[in-house]
Amino acid sequence: LEVINLGVDVTPEAFVNSVKTDAPDIIAMSALLTTTMPSMDATIAALEAAGVRKQVKVMIGGAPVPEEYARKIGADGFADDASRAVAVARTLMSS
């Protein structure tokens, strides 16, 4: 298992580039403020526009993020805390 941390305040284009160069199995995004949640939607849209969305699973979470938002933007998984995120990631990897 390898984790590539792209950092904080990552642009949708940086996620697209990572999928193209690093070929991750999962992209995980977390928001600490509701004002950053639209970036999650923009990232999924950028992955689709770049034609790489089907190559990667997308998980989202964070304190202000409701599970309904994950469904609304087309994320593959949602977790409201780190321990649940591990379980969700394992499930996504086995599907």
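Two strands are said to pair if DSSP finds at least two bridges between them. With that in mind, please open the structure, which is a predicted model, and begin at the sheet.

**Stop 1: the sheet**

Select β1, residues 26-30, together with β2, residues 57-61. These two strands run parallel and are joined over 5 bridges. Two of the partnerships can be picked out by residue. Ile26 has Lys57 in β2 as its bridge partner, and Ala28 stands opposite Met59 of β2.

Now add β3, residues 77-79. The result is an open sheet of 3 strands in the order β1-β2-β3, paired in parallel. Its edges are formed by β1 and β3, each of which pairs on one side only. On average, neighbouring strands of the sheet are turned by 20° against each other, direction ignored.

**Stop 2: the two faces of β1**

Show the side chains of β1, which alternate along the strand. Ile27 and Met29 point to one face and are buried, whereas Ile26, Ala28 and Ser30 point to the other face and are not buried.

**Stop 3: the helix across the sheet**

Next, select helix α4, residues 82-94. This helix lies across β1, β2 and β3. Relative to β3, α4 runs at about 165°.

**Stop 4: Thr43 in α2**

Move to helix α2, residues 37-49, and select Thr43 within it. Is this residue buried or exposed? Thr43 has a relative accessible area of 0%, and therefore counts as buried. Apart from residues up to four places away in sequence, Thr43 touches Pro12, Phe15 and Met29. Met29 is one of the buried residues of β1 seen at the second stop.

**Stop 5: Arg53 in the loop after α2**

Select Arg53, in the loop between α2 and β2. Its relative accessibility is 12%; because buried means under 20%, Arg53 falls into the buried class. Which residues does Arg53 contact, leaving aside neighbours within four places in sequence? They are Ile44, Leu47, Glu48, Val58, Gly74, Ala75 and Asp76. For Gly74, display the backbone oxygen: this atom lies 2.9 Å from a polar atom of the Arg53 side chain. A further distance can be drawn from Arg53 to Gly77, 24 residues apart along the chain, whose C-alpha atoms are separated by 14 Å.

**Stop 6: the largest pocket**

Display the largest pocket, which has a volume of about 1400 Å³. Its lining comprises 41 residues, and those nearest the centre are Ile4, Phe15, Ile27, Ala28 and Met29. The elements that contribute two or more residues to this lining are α1, β1, α2, β2 and α4. Phe15, listed here beside the pocket centre, is also one of the residues touched by Thr43.

**Stop 7: two residues with positive phi**

Finish with the backbone on either side of α1, residues 12-22. Select Asp9, in the segment before this helix. Asp9 has a positive phi of about 55°, although it is not a glycine. Its relative accessibility is 78%; because exposed means over 50%, Asp9 counts as exposed.

Then select Ala23, in the loop between α1 and β1. What is the phi of Ala23? It is positive, at about 50°, although Ala23 is not a glycine. With a relative accessibility of 56%, Ala23 is also counted as exposed. From Ala23, the loop leads on to β1, where the tour began.

Key
Residues are numbered from 1 along each chain as its sequence is written. This is a predicted model: local features need pLDDT of at least 70, side-chain atom pairs count only at pLDDT 80 or more; totals for chains, interfaces and linings use all residues. Side-chain values use heavy atoms; hydrogens and water are left out. Helices (H or I, at least four residues) and strands (E, at least two) are DSSP runs, numbered from the N terminus. Buried means under 20% relative accessible area, exposed over 50%, partly exposed in between (1.4 Å probe, protein chains only). Axes are lines fitted to C-alpha atoms, for helices over the stretch in contact, and angles run from 0 to 180 degrees between N-to-C directions. Contact means heavy atoms within 4.5 Å. A polar contact is a pair of N or O atoms within 3.5 Å; within protein, one must be able to donate a hydrogen and the other to accept it, and residues adjacent in sequence count only if both atoms are side-chain atoms. On a 1 Å grid over the protein atoms alone, a cavity is a set of points where a 1.4 Å probe fits but cannot get out, and a pocket is an open set with protein on both sides within 12 Å along at least five of seven lines; lining residues have an atom within 4 Å of a point. Grid points are joined across faces, edges and corners, and a volume is the space filled by probe spheres set on the points.
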